[in-house]
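Dear colleague,

I am passing on the structure below, together with notes on what turned up in its interior. Please read them alongside the coordinates.

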Amino acid sequence: MHCPSCNHDNRPERRFCAECGAALVAPCAACGASNEPGEKFCGGCGGRLSPALLPAAPQPAALPLTGAPAALPALAPSVATTSRPSPAAVAPTPPRPRHRLAAVDWLLLGTLLPVCVFGVVMTVVHGIRGDFVIAPFFVSSAPGEQAYPVVKRTLSSPSAEASPLAVGDRLLRLEGSDLRGVSNAGFILRWSHAAQAGTRSLLLTIEHGSVRSDIRVLLVPGYGTVVGNPWWAPLPFIVGSVGTALLLLVRATHWHLAWRFSAAILLTAFASTPYFAEPTAPWVKLMDIVLVLPLALVLTLWNANEFLPGLRLWGRGQRALAWTLALLQSAWVAAIFWLPDKGPAPILRQWGGLTLPGFFIAILVALTRVYQRADPLGRRQIKWVVYGFYVGLLPLGLYQALSALGGIPEWGGGLAAVGSIALVAIPLGVLVSVAFYQFLDIDRLFSATLSYSVLAIVGLALVLGVMPTASQAASDAFGLALALALAAVVVPAQRFVRPRIDRLFFPQRVALEQGFEHLLAAISGCANMQELTRLVGERLDALLQPAATVVYARAGDVFTPLAVRGRTAPPAFAAQSTLIAALQERTMPLAAERWTARRSTSLTPFERAAIETLDVAVLVPFRRGPDLVAFSCLGPKRLGDIYTPTDLAWLGAVGGKVSDRLLALDATAMAEQARAMQEALRRYVPGAVAARLASGQDIEAGEREVTVLFVDIRGYTGFSEARQAEEIFHTVNRYTEMVSQVVRAHGGSVVEFHGDGLLAVFGAPDEIPMKERAAVRVGCEIIAGMATMAAPARPPEASGVRAASNPAPLSVGVGIGTGPAFVGNIQSSDRFIWTVIGDTVNLAARLQSMTRELDAAVAIDDTTYRRAGRETCAAFVRHADLAIRGRAQPETVHALPL
């Protein structure tokens with residue numbers, strides 16, 4: 001990136017010019033405003049910046065936009081926070097470039113999509129003209145070439161009741177055409193041809209017993225096989241399917257199921273279009289139900305098993321089940337339309353109708369299996385798909401149940417229309433799970449719908465079983481009273497059923513609600529600021545499980561850390577900073593990422609680096625009246641889930657409750673507590689910084705390239721649990737002394753010790769040659785030194801602890817990363833703290849954590865490996881494209897095996 005001041009060519013990830021130190025800018029293509037590298041939204045017009053202008057914060061290769069996990073694409077930005085993809089959810093294959101359509105995508109856009117659009121247009125045209133009619137009876141295929149088709153079933157309608165047709169009548173002629181040897185499909189083609197010619201009644205020659213007669217049977221309005229089912233009922237599902245497929249193909253081309261899901265819903269929409277059915281296109285209808293619909297159902301079942309990548313649920317058994325159901329579906333349709341009533345045809349007709357429910361059950365079972373194996377974020381998305389299938393299929397299932405119980409009633413057409421319209425929930429559920437699952441919380445909606453549906457089904461069964469008997473013995477008024485009584489029972493019963501459904505399907509949400517209710521009650525009993533801070537920090541950590549939690553309190557002109565949970569080095573914020581000013585204006589929690597994007601131009605480099613280091617997802621303000629006195633920073637959830645609107649609402653309630661409690665606490669006591677905690681967090685000044693101060697040199701603050709080293713003792717918790725405090729202190733003191741000597745011997749600076757961990761930096765405050773090589777050598781020497789430093793034997797007189805004659809040596813993990821970071825003094829309440837913050841620090845910490853997964857002693861990034869040289873890193877093993885928690889793109893990691 002070229003500097004606007006000196007035109008120096010800088011590396012893409014730099015934010016400040018290496019030559020003159022000027023801030024680098026990225027112009028907005030829409031309004032021309034200057035934005036800093038790494039910003040996602042323009043500070044002038046608010047539009048999203050082009051990925052080419054975002055070198056400091058590249059988007060995930062598998063995602064077209066921000067705000068969604070790697071398992072699924074996103075079509076809209078996040079509301080609460082950026083989701084952190086779990087390693088299991090990252091697709092193993094390299095993604096396609098953004099917005100670049102593959103050949104299969106163009107094939108779908110050029111074939112199925114135009115056909116579906118054409119079908120919708122022609123459906124509207126023919127529907128307005130009144131062309132959608134059906135024959136109010138079914139026939140069976142002629143059993144031989146010299147035989148005739150027979151009436152198999154009549155449909156319930158006023159015109160059919162007035163017709164002399166009865167089950168068992170033989171059909172001899174239709175509009176003068178002989179029907180000898182004609183199958184059911186052939187009969188449908190003949191009456192459809194007559195309807196296309198404008199006929200609205202069929203002239204039939206029938207044989208009833210031994211009597212022949214000529215009759216006319218009216219064609220009645222309807223669609224499919226249901227009288228009264230309006231032609232426009234499937235249009236919402238078709239339009240929703242076409243729109244969802246188009247969005248997936250154009251805006252979500254990196255999703256591993258984009259084209260397959262698009263093909264499945266487009267094929268289903270094609271098979272559901274009224275225009276491609278009798279009487280307008282009967283041949284297409286026959287092809288749909290024999291070939292297209294089974295293929296669409298197989299694709300849907302395939303997609304359901306692989307909705308989240310990496311789970312490997314689509315095995316031989318699932319493939320065999322899918323194709324078996326598809327073949328049975330086609331055979332069932334063939335038996336209905338072409339085979340006579342002999343041989344295997346009656347069996348296929350009797351049992352083949354179970355294939356469609358079998359597909360539905362298999363799809364729901366597959367989604368349930370995916371739900372059980374997914375992480376919390378994947379489960380949140382799968383819920384929408386399950387809910388969409390549930391809402392879409394429930395009315396059709398009810399219609400089929402009524403048909404099986406005693407035939408379709410006269411109002412069955414309305415129920416069929418409701419079922420056709422409800423199918424739109426399926427493509428909408430897929431779309432919401434991909435794009436908008438972060439905006440809404442489905443748990444309450446799901447449990448309410450399920451509870452009312454269960455009660456409605458039970459009530460319907462009672463009505464069907466009790467009402468006919470009651471109506472025979474009483475008047476119509478009593479029947480109406482009984483129906484009202486059932487409704488009066490169903491509504492209160494929902495209050496009893498719904499909590500049990502919540503505990504069965506959503507135990508985590510129930511536990512979260514109960515936990516927040518207990519927290520709100522406990523806040524009122526806190527006697528001082530220290531107790532209040534400890535309570536809120538511990539409970540929020542247990543309920544939401546954030547990666548880090550920092551509680552800040554005001555001490556004079558700065559907000560200083562009052563309580564810290566998690567691995568982080570929290571800086572202090574000036575009371576006049578942009579972040580504090582934003583929290584001063586709010587009473588509800590603040591989503592950090594969206595706010596940072598909007599305020600990108602007003603944030604200082606220090607504020608951006610501090611927010612990046614803290615990895616803030618949500619900020620919760622605590623107020624005393626109109627004044628902001630404290631706030632809490634919550635990191636992303638450890639399990640990779642998002643902060644839902646329900647979570648934010650609960651956090652807002654906690655913030656309001658804490659604010660009310662703060663009004664009852666003494667402001668002076670709170671300030672003194674903050675200062676006392678700050679004194680407890682004091683660190684010693686690094687040696688290089690002390691030397692500069694002693695010589696009268698200034699310590700320049702700013703961004704520079706450094707190599708950061710993280711060290712952490714493995715098994716420290718278990719080691720400390722069985723030992724006395726004096727023994728632990730002695731061991732840690734030997735460890736810190738050894739590590740400090742090694743770091744200083746190679747020119748590095750120890751920034752801080754935190755319990756069992758150490759943070760060191762090479763290249764600051766003084767530049768050193770080959771800082772990467774020095775850091776790698778330090779890491780190797782620390783590993784060698786720890787191997788020789790055995791833990792002290794436990795004394796026999798230690799209470800409850802058996803002495804160890806040969807104590808095992810302590811082991812450590814080392815992570816090293818190289819890159820830009822903000823180095824300098826941070827303003828505290830009474831002093832300056834010299835530290836290093838930025839994404840490079842987070843990278844080194846993540847690499848240190850990965851040493852356990854890689855079974856390694858030291859893990860370094862690719863930049864450090866290349867600059868340290870092959871001679872220094874000869875024993876390191878390369879691991880390409882590893883997913884690192886909290887980072888969008890995979891990294892190449894080099895590890896030193898144990």
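In what follows, Ala, Val, Leu, Ile, Met, Phe, Trp, Tyr, Cys and Pro count as nonpolar, Asp, Glu, Lys and Arg as charged, and the others, Gly among them, as polar. This is a predicted model, in which local features need pLDDT of at least 70 and side-chain atom pairs count only at pLDDT 80 or more, while totals for chains, interfaces and linings use all residues. Residues are numbered from 1 along each chain as its sequence is written, and side-chain values use heavy atoms, with hydrogens and water left out.

The largest cavity (a set of points on a 1 Å grid over the protein atoms alone where a 1.4 Å probe fits but cannot get out, lined by residues with an atom within 4 Å of a point) holds about 60 Å³ of space, the volume being that filled by probe spheres set on points joined across faces, edges and corners. Its lining consists of Met529, Leu532, Thr533, Val536, Val551, Phe622, Ala630 and Val658, and by class these are seven nonpolar, one polar and no charged residues. Helix α17 (residues 529–544) gives the most to this lining, with four residues, where helices are DSSP runs of H or I with at least four residues, numbered from the N terminus.

Elsewhere, Leu367 is in contact (heavy atoms within 4.5 Å) with Ala304, Ile382, Val385, Val386 and Phe389, leaving aside residues up to four places away in sequence. Of the 898 residues of the protein chain, 52% count as buried, that is, under 20% relative accessible area with a 1.4 Å probe and protein chains only.

With best wishes

Technical notes: On a 1 Å grid over the protein atoms alone, a cavity is a set of points where a 1.4 Å probe fits but cannot get out, and a pocket is an open set with protein on both sides within 12 Å along at least five of seven lines; lining residues have an atom within 4 Å of a point. Helices (H or I, at least four residues) and strands (E, at least two) are DSSP runs, numbered from the N terminus. Buried means under 20% relative accessible area, exposed over 50%, partly exposed in between (1.4 Å probe, protein chains only).
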